[in-house]
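This report describes one chain, starting with its division into parts and moving on to a sheet, a helix and the cysteines.

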Amino acid sequence: MIYTYLGPAGTFTEAALMQVPGVDAAERVPSTSVNTALEKVRSGAADFAMVPIENSVEGGVSATLDAIATGESLQIVREVLVPITFVLVARDGIDSLEQVHTVSTHGHAYAQTRHWCEANLPGHDFLPASSTAAGALGLLDPENHYDAAICAPLVAEQNSLNILRRGIEDTAGAVTRFVLVSKPGRIPVPTGNDKTTVVVPLPDDHPGALMDLLDQFAARGVNLSRIESRPTGEALGSYFFSVDAEGHITEARMADALAGLHRISPGVRFLGSYPSVGRSPNATASVARHNTDEAFAEAAAWVARLKAHLG
Ligand SMILES: O=C(O)C(=O)Cc1ccccc1
C-alpha cells in the first residue's frame with residue numbers, strides 16, 4: 001500500500017498519517033499540495049491520501065473541500081484529529097524577534113497565528129509556503145532569504161532549527177481534522193459512532209432550497225456536525241454544500257435521508273461513511289424510537305402489507 005500526504009516529512013498532515021494503524025510499515029510518499037496528493041490517488045500512483053479538511057478555529061480547508069467535491073469521485077475512509085501548536089523558528093544569525101522581518105509558513109498556520117505575528121512582529125511580510133515543514137526547511141536553504149518560519153515543534157527539533165518562541169497559536173487547544181481518502185470502494189463497516197460526508201449542489205434556486213436539503217436530515221433525526229457552502233465556480237450565487245452527518249449509510253434513517261437528498265438534488269455526491277473520532281459537542285445522545293432501524297423496517301413492512309391488497 002502506498003500512502004501520500006501533504007509533505008515534506010514533519011507536517012501536521014504527516015503526524016495525522018502516522019496515527020493510521022500499520023502505516024509505519026507502508027510506503028509513504030510526500031506531495032507538495034492537497035491537489036497533487038488527491039491526483040495521485042485518482043491516477044493510481046497512491047492508494048490513499050491524507051489531507052487536512054477542517055480546523056476547530058479556522059474552519060474548512062477550501063482546497064480539500066473543493067478537490068474532493070469535483071472531478072473523479074473519491075471516498076473518505078477514516079478521519080484523524082491532531083492537536084495543533086506552533087513554534088517560530090529563525091535562520092542562523094537571528095536571535096531576537098526584532099530581527100524578524102519576513103515569515104514563511106502554510107496559509108492555514110498563518111491564519112492561526114496572525115494575531116501573535118501582528119503583535120510581536122510589527123510590519124512583517126508573510127511568504128506563503130506549501131506546508132509548515134517546507135517553510136521551516138527552507139530556512140536551511142541559502143537560496144531562500146526569509147528570516148523565520150512557523151511550524152510544528154517536532155520538525156524544528158528534528159532539524160535542530162533555532163526556536164525563537166513556542167506556543168504562538170492565537171487560540172490554545174486548536175485541533176485540525178484530517179481525512180484519509182481512497183478511490184471509491186468498500187465502505188468501512190459501521191461502529192455505532194460513524195460519520196457520513198456528502199456534497200450537495202444547491203438545487204434550482206427557490207425560497208427555502210437550503211431548508212429543503214436540511215429537512216431531509218432533520219425529519220429523520222440525523223444530526224449534522226459540519227456544513228459549509230462553497231462556490232461551484234460556475235457563476236456568482238452558485239453553491240454546493242459540504243455536509244458531515246452523524247451516522248452510517250447502513251442505518252435506515254441515514255439511507256432514507258440520502259435518498260431524500262437525491263430526489264431533491266440528483267447531483268449529490270456520497271463521499272463515505274467512516275468511524276467518527278470523538279463525539280461532536282452537539283451529538284444527540286440517543287435516537288428517537290421513530291427514527292430507529294426497527295421503526296423504519298416496521299413502517300416499510302406495514303406499507304408492503306397494504307400494497308399486497310392492490311387490485
Ligand atoms: O503545513 C502543514 O504542516 C500541514 O499539514 C497543513 C496544516 C497547516 C496548519 C495546521 C494544520 C495543517
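The centres of domain 2 and domain 3, taken over C-alpha atoms, are 43 Å apart. The bounds of these domains come from an automatic or database domain assignment, which divides the chain into domain 1 (1–83 + 176–186), domain 2 (87–166) and domain 3 (187–311). The model is predicted: local features need pLDDT of at least 70, side-chain atom pairs count only at pLDDT 80 or more, and totals for chains, interfaces and linings use all residues. Residues are numbered from 1 along each chain as its sequence is written, and side-chain values use heavy atoms, with hydrogens and water left out.

**Annotated spans**

UniProt carries two domain features, listed below from unreviewed entries. Their positions are in the numbering used here, their names are shortened, and such annotations may be inferred rather than shown by experiment. Helices (H or I, at least four residues) and strands (E, at least two) are DSSP runs, numbered from the N terminus.

| UniProt feature | Residues | Helix | Strand | Distance between end C-alpha atoms |
|---|---|---|---|---|
| domain: Prephenate dehydratase | residues 2–183 | 26% | 32% | 13 Å |
| domain: ACT | residues 198–273 | 30% | 33% | 9 Å |

**The five-stranded sheet**

An open sheet is formed by five strands in the order β8-β7-β9-β6-β10, with mixed pairing. Its edge strands, β8 (125–128) and β10 (162–166), each pair on one side only. From one strand to the next the twist averages 30 degrees; axes are lines fitted to C-alpha atoms, for helices over the stretch in contact, and angles run from 0 to 180 degrees between N-to-C directions. Two strands count as paired if DSSP finds at least two bridges between them.

Strand β7 (residues 102–105) runs parallel to β8, and four bridges join them. Thr102 has Asp125 of β8 as its bridge partner. Strand β7 is also parallel to β9, here with two bridges, and Ser104 is partnered with Ala149 of β9. The pairing of β6 (residues 87–90) with β9 is antiparallel, over four bridges. In that pair, the partner of Val89 in β9 is again Ala149.

Strand β9 (residues 148–151) is covered on both faces: Ala148 and Ile150 on one side, and Ala149 and Cys151 on the other, are all buried. Buried here means under 20% relative accessible area, exposed over 50%, and partly exposed in between (1.4 Å probe, protein chains only).

**Helix α3**

Helix α3 (residues 62–69) has Thr64, Leu65, Ala67, Ile68 and Ala69 as its buried residues. Thr64 counts as buried because its relative accessible area is 0%. A polar atom of the Thr64 side chain lies 2.6 Å from the backbone oxygen of Pro52. Just after α3, Gly71 has a positive phi of about 75 degrees.

**Cysteines**

A disulfide is taken as a pair of cysteine sulfur atoms within 2.5 Å. By this rule there are zero disulfides. Cys117 is in none, and the nearest cysteine sulfur, that of Cys151, is 12 Å away. Seen from Cys151, the closest cysteine sulfur is that of Cys117, and the 12 Å between them is too far for a bond. Cys117 counts as buried because its relative accessibility is 0%. Cys151 likewise counts as buried, at 0% relative accessibility.

How values were computed: A polar contact is a pair of N or O atoms within 3.5 Å; within protein, one must be able to donate a hydrogen and the other to accept it, and residues adjacent in sequence count only if both atoms are side-chain atoms.
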